Amino acid sequence: MCLAYPMRVTEIDGLAARCEAKGIERVVSLVLLQEQPVQVGDFVIVHLGTAVGTVPPEEARSAWALLDELLALESAARPESARVGQR
């Protein structure tokens, strides 16, 4: 399954941006957004290490809330022995 997720831009260096989401940082390519002015503080949608679009902050928060819900449901559905960090 392929998934794109929102990240906040913290630094920009040419066509590369350092982005953060939920304590994770990544360097993301901005090559597909050359026609859009991306600035520090903007939220971008990241797929396979490339920013594919921008989203308003409230949409980024909503997306992470939904992803958190999905992860919680998936974790609850797994058998106790298969959960991360438990043996």
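This is a short talk on the fold, the salt bridges and two unusual loop residues of one protein chain. Please keep in mind that the model is predicted.

I will begin with the overall layout. The chain has one helix and five strands. If you walk along the sequence, the order is β-β-β-β-β-α. The radius of gyration is 15 Å, well over the 12 Å that the globule rule gives for 87 residues, so the chain is more spread out than a compact globule. The box that holds the C-alpha atoms, taken along the principal axes, is roughly 45 × 25 × 20 Å.

How much of the chain counts as buried? The figure is 23% of the 87 residues. The accessible surface is about 6,100 Å², and carbon and sulfur atoms account for 57% of that surface. As for contacts with a separation of 6 or more, 34% of them join residues 24 or more positions apart.

Next, the charges. The chain carries 8 positive and 12 negative charges, and the mean positions of the two sets are 10 Å apart. Side chains of opposite charge can pair when their charged atoms come close. Here the count is four salt bridges, and I will go through three of the pairs, starting with Arg8 and Glu20.

The side chains of Arg8 and Glu20 meet at 4.0 Å, N to O. Arg8 lies in strand β1, residues 5-13, and Glu20 in strand β2, so this pair ties together parts that are twelve residues apart in sequence. Both ends are partly exposed: Arg8 has a relative accessible area of 32%, and Glu20 has 21%.

Now take Lys22 and Asp68, whose side chains form a salt bridge at 3.0 Å, N to O. What does this pair link? It connects distant parts of the chain, with Lys22 in the loop between β2 and β3 and Asp68 in helix α1, residues 57-77, a separation of 46 residues. Lys22 is exposed at 51% relative accessibility, while Asp68 is partly exposed at 32%.

Another pair is Arg78 and Glu74, where the closest N and O atoms are 2.9 Å apart. Arg78 is partly exposed, with a relative accessible area of 23%. Glu74 is also partly exposed, with 40%.

That brings me to the backbone, and back to Lys22. Most residues other than glycine have a negative phi. Lys22 is not a glycine, yet its phi is positive, at about 55 degrees. Its loop runs between β2, residues 16-21, and β3, residues 24-29.

Where is Leu48 found? Leu48 is in the loop between β4, residues 43-47, and β5, residues 50-55. Leu48 also has a positive phi, near 55 degrees, and is a residue other than glycine. Leu48 is exposed, with a relative accessible area of 74%.

Last, look at Thr50, which sits in strand β5. Is Thr50 buried or exposed? Buried means under 20% relative accessible area, and Thr50 has 19%, so Thr50 counts as buried. Leaving out residues up to four places away in sequence, Thr50 touches Val28, Ser29, Leu32 and Ile45.

To recap, the chain follows the pattern β-β-β-β-β-α and has four salt bridges. If you keep one residue in mind, let it be Lys22, which has a positive phi and forms a salt bridge with Asp68.

Definitions and conventions. Residues numbered from 1 in each chain as written. Predicted model: local features only at pLDDT ≥ 70, side-chain atom pairs only at ≥ 80, totals over all residues. Heavy atoms only, no water. Helix = DSSP H or I, 4+ residues; strand = E, 2+ residues; numbered from the N terminus. Buried < 20%, exposed > 50% of the residue type's maximum accessible area, 1.4 Å probe, protein only. Contact = heavy atoms within 4.5 Å. Rg over C-alpha atoms; globule rule 2.2 N^0.38 Å. Areas by Shrake-Rupley, 256 points an atom, 1.4 Å probe, with all protein chains shown as cover. Lys, Arg positive; Asp, Glu negative; His and termini not counted. Charge placed at Lys NZ, Arg CZ, Asp CG, Glu CD.
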